[in-house]
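Here's an informal walk through the model you're about to see. Have a viewer open and follow along.

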Amino acid sequence: MKQTKIVPFEKAGGIGLAALAKRLLGDVEHHGITDIIPFKVEDIQVAEWVHLKCRYGCSRYNTSWCCPPATPEPDKIRRILSEYTSALLLEGRKTCTDFYRNNGRKRTIQVRCWKETVSLERKLFLEGYYKAFSLVGECCALCKACAYPDACRFPQEKRPSVESFSIDVFGTLDKLGRATRLATRTTDTFNYYGIILLD
Ligand code: SF4
C-alpha cells in the first residue's frame, strides 16, 4: 500500500522567525510593544522562588485564572516548555503613575497589552506556528474583577501571565543579553515583557 507523505507546514512562507518578528513589529509598535525578539526556549529561566513570590506577598494569589494556583506548578511548566524550541520576547515600555492603583487608566493599558499579545499569537498560528501560546505581561484585566473561581468570562483570551509561569524575567533577560533595570519610582519608565512560545 502506498504511504501518504506528510508535508510539514511551511511557516511564514519560509521567511524565518527573525524576519517574521520584524514584520509583526510593524503591525503593533504603535500600540506600545517596542521590540519583538526571537530566542531559544532553553534560555527561559524557570525558578521555584518566582512561584514562592506568587504564593506569598502577592495580592492576586488565588484571585485570578491567570495566576497561581490556577496556573501550573514549576515542574509541569518545565515539561510544557520542553515541548517548545523557540519563542518571541515582546518588549513594551510604559510610564505608569498608576502602577500601585487599580483604576481605569491602568486597566486600559493592561487590556490593550493583553489583547495585542493574544492577537499576535493568533497571527503566528495562521502563519503555520500551530503550537503558538502566549504568556502575557502582568495580569489579565479584561474584567474589572476576575470571575475566579467561577467560569472565566472570556475563555478564548484566557492565558497565564509570564510570572505565573514561574519565569525569572530578570534571569531570562540576562541570559539573552538584554539590559533592563528595576523601576523604583512611579514616575520612572519601565519595560514589561510577554512571551509567545513557538516550535
Ligand atoms: S477574562 Fe475576566 S474572568 Fe477571565 S481570567 Fe481575565 S479577568 Fe478573569
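Pro 69 sits in the loop between helix H2 (48-55) and helix H3 (74-81). The peptide bond leading into it from Pro 68 is cis, with omega near 5°. Keep in mind that this is a predicted model, so that angle is a computed value like every other number here.

Asn 62 lies in the loop between H2 and H3 as well. Its phi is near 65°, a positive value in a residue other than glycine. Buried or exposed, where does Asn 62 fall? It counts as partly exposed, because it has 14 C-beta neighbours inside 10 Å.

A second cis peptide bond joins Tyr 148 and Pro 149, with omega about 5°. Pro 149 belongs to the loop between S3 and helix H5 (169-175). That loop also holds Ser 166, whose phi is near 55°, again positive in a residue other than glycine. Ser 166 is buried: 27 other C-beta atoms lie within 10 Å, and the cut-off for buried is 20 or more.

Now for the overall layout. The protein chain contains five helices and four strands, and from the N terminus on they run α-β-α-α-β-α-β-α-β. Of its 199 residues, 28% count as buried. Take the contacts between residues at least 6 apart in sequence: 79% of them join residues at least 24 apart.

The four strands form an open sheet in the order S1-S2-S4-S3, with antiparallel pairing. S1 and S3 stand at the edges with a single partner strand each, so one side of each has no neighbour in the sheet. On average, neighbouring strands of this sheet are turned by 25° against each other, direction ignored. As general background, strands of a sheet pair through backbone hydrogen bonds, either parallel or antiparallel.

Here are the pairings, strand by strand.

| Strand pair | Sense | Bridges |
|---|---|---|
| S1 and S2 | antiparallel | seven bridges |
| S2 and S4 | antiparallel | ten bridges |
| S3 and S4 | antiparallel | three bridges |

If you want residues to click on, each pairing has one. Pro 38 stands opposite Leu 88 in S2. Thr 95 stands opposite Thr 189 in S4, and Phe 133 is opposite Leu 197, also in S4.

Helices pack on this sheet too. H1 touches S1 and S2, and its direction makes about 160° with that of S1. H4 lies across S1, S2, S3 and S4, running at about 25° to S4.

H4 deserves a closer look. How far apart should the ends of a helix of 23 residues be, at 1.5 Å a residue? The expected span for H4 (residues 104-126) is 33 Å, counting one less than the number of residues. Its end C-alpha atoms are 33 Å apart, which agrees.

Which residues of H4 are buried? They are Gln 110, Cys 113, Trp 114, Glu 116, Thr 117, Leu 120, Glu 121 and Leu 124. What covers them includes helix H1 (17-28), strand S1 (33-40), strand S2 (86-95), strand S3 (133-135) and strand S4 (189-198). After H4 comes Gly 128, with a positive phi near 105°.

Over in helix H5 you'll find Val 169. It is partly exposed, because 19 other C-beta atoms lie within 10 Å and buried takes 20 or more. Leaving out residues up to four places away in sequence, Val 169 touches Val 162 and Tyr 193. Val 169 and Val 50 are 119 residues apart in sequence, yet their C-alpha atoms are 9.3 Å apart in space.

Last stop, the ligand. How many residues surround it? There are 13, and the closest are Trp 65, Cys 140, Cys 143, Cys 146 and Cys 152. By class, the shell around the ligand has ten nonpolar residues, one polar and two charged. Cysteine counts as nonpolar in that tally.

Note on methods
Residues are numbered from 1 along each chain as its sequence is written. This is a predicted model: local features need pLDDT of at least 70, side-chain atom pairs count only at pLDDT 80 or more; totals for chains, interfaces and linings use all residues. A residue is near a molecule or strand if its C-beta atom, placed from the backbone, lies within 6 Å of it. Helices (H or I, at least four residues) and strands (E, at least two) are DSSP runs, numbered from the N terminus. A residue is buried if 20 or more other C-beta atoms lie within 10 Å of its own, exposed if 12 or fewer, and partly exposed in between; C-beta atoms are placed from the backbone. Two residues are in contact if their C-beta atoms, placed from the backbone, lie within 7 Å. Two strands pair if DSSP finds at least two bridges between them. Axes are lines fitted to C-alpha atoms, for helices over the stretch in contact, and angles run from 0 to 180 degrees between N-to-C directions.
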